[in-house]
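Let's explore a protein model together, one question at a time. Have a look at it first, and then follow the questions below.

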Amino acid sequence: MAVPWEKYFRLALQEKLSTKIQGRNVDHVPPPLLRLLEKRQELVDADQGLQAQKEVFQTMKASLKQRWEQLEQKEQELKGSFVRFEKFLQDAEARRSRALRRAAEERQLAGRREAEALRLRAQLEELQRERARLQRRLWRLEPCARLLGQVLEQLPEFQEVPELVARFDCLADTQAALRLTERQRLAELGEARARLQRLRDAWQDELLRQGQRRAQLLEQLEAARERTLHWESKCIQIQNTAAEKTLLLGRTRMAALNLFQLVCQHQRRPPALDIEDTEGHLEQVKLFILDLSTMLAGLHQAKPSIPAS
């Protein structure tokens with residue numbers, strides 16, 4: 001650190017004076033005094049050194065304090081600068097974000113405007129083509145317009161061309177409606193003819209089926225007649241057989257009754273059974289025949305044998 005000028009000159013003067021004294025009296029000063037002077041000189045030098053160091057320390061301390069204050073001031077300034085820089089960065093970031101957002105919006109807007117411009121350009125081209133087409137149509141219809149003007153002159157009931165065109169459109173619509181109705185009627189007529197043809201085909205098929213069914217029924221009727229004749233003959237045969245059986249049964253019953261009556265006469269007792277009880281009659285006749293058989297068998301056994309001559 002720098003030493004103040006006054007202290008510097010005083011120290012330099014003291015050093016010169018001590019050097020002169022030592023140069024002059026070194027030969028005439030006693031050794032003890034010389035040593036004392038040396039010691040004193042050393043103390044003075046040490047004191048001066050300490051004083052100089054103290055002054056240097058104070059100066060350094062003041063300088064350090066000043067430097068510290070300057071550093072604190074600079075720190076405060078840096079803090080303020082940092083805060084301002086942070087604010088500046090935030091503002092810059094915000095401005096950058098806004099700028100990016102505006103740029104994105106502008107790009108989107110530019111894209112939309114470009115798309116709108118393309119659409120309008122395409123629409124303009126379409127309108128130009130439509131205009132050219134209408135112009136060509138107008139050129140083609142120019143003779144028709146002149147013709148309509150001439151027709152309008154010949155038809156006093158029409159005042160203007162739109163009335164004539166409206167009348168023509170009405171007649172054209174009526175003609176189209178009539179043609180549509182005619183096509184509908186023709187379509188309905190075609191459908192009716194198709195239905196009639198289908199009905200005719202179906203009637204032919206049904207007639208054929210009914211003929212086949214009639215033939216089958218006739219065959220079934222003929223078979224039924226044959227079966228009826230067969231069963232009638234069977235019935236007549238059965239009836240004849242039944243009559244014969246009935247007659248035979250009647251004769252058998254009469255025969256059984258006669259035999260029963262003969263048995264009753266032979267046994268000399270009145271008939272105890274009903275006339276219709278044929279089974280009882282036959283049972284009595286059977287018992288009578290068994291009794292006769294037993295009697296005949298007993299007679300044959302009791303008859304003596306004739307000796308041979």
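Q: Is Glu-93 buried, partly exposed or exposed?
A: Before we start, note that this is a predicted model, in which local features need pLDDT of at least 70, side-chain atom pairs count only at pLDDT 80 or more, and totals for chains, interfaces and linings use all residues. Residues are numbered from 1 along each chain as its sequence is written, and side-chain values use heavy atoms, with hydrogens and water left out. Buried means under 20% relative accessible area, exposed means over 50%, and partly exposed is in between (1.4 Å probe, protein chains only). Glu-93 has a relative accessibility of 41%, so the class for Glu-93 is partly exposed.

Q: Which residue forms a salt bridge with Glu-93?
A: A salt bridge is a side-chain nitrogen of Lys or Arg within 4 Å of a carboxyl oxygen of Asp or Glu. The partner lies three residues from Glu-93 in helix α2 (residues 31-154), about one turn of the helix away. This partner is partly exposed, with a relative accessible area of 47%. The closest N and O atoms are 3.5 Å apart, and the residue paired with Glu-93 is Arg-96.

Q: How far apart are the closest N and O atoms of Glu-116 and Arg-119?
A: These two residues sit three residues apart in helix α2, so about one helical turn separates them. Glu-116 is partly exposed at 34% relative accessible area, and Arg-119 is partly exposed at 43%. They form a salt bridge, and the distance between their closest N and O atoms is 2.2 Å.

Q: Which residue does Arg-185 pair with in a salt bridge?
A: Arg-185 counts as partly exposed, at 47% relative accessibility. Its partner also lies in helix α3 (residues 161-266), three residues apart, so the two are separated by about one helical turn. That partner is partly exposed as well, at 43%. With the closest N and O atoms 3.8 Å apart, the partner of Arg-185 is Glu-188.

Q: How many salt bridges are there in the whole structure?
A: We have met some of them already, including the one between Arg-96 and Glu-93 and the one between Glu-116 and Arg-119. A search of the whole structure brings the count to six.

Q: What pattern does the chain follow along the sequence?
A: Helices (H or I, at least four residues) and strands (E, at least two) are DSSP runs, numbered from the N terminus. The chain has four helices and zero strands. Read along the sequence, the pattern is α-α-α-α.

Q: What percentage of the residues in the chain are buried?
A: The chain exposes about 27,500 Å², and carbon and sulfur atoms supply 60% of that area. Such accessible areas come from the Shrake-Rupley method with a 1.4 Å probe; for residues, only the protein chains shown count as cover. Of the 309 residues in the chain, the buried share is 6%.

Q: What is the accessible area of the nonpolar patch formed by Phe-85, Phe-88 and Leu-89 together?
A: Patches are made of residues with over 30% relative accessible area and no salt bridge; like charges are joined within 9 Å, and nonpolar side chains (Val, Leu, Ile, Met, Phe, Trp, Tyr) within 5 Å. One member, Phe-85, lies in helix α2. Phe-85 is partly exposed, with a relative accessible area of 43%. Together, the accessible area of Phe-85, Phe-88 and Leu-89 is about 280 Å².
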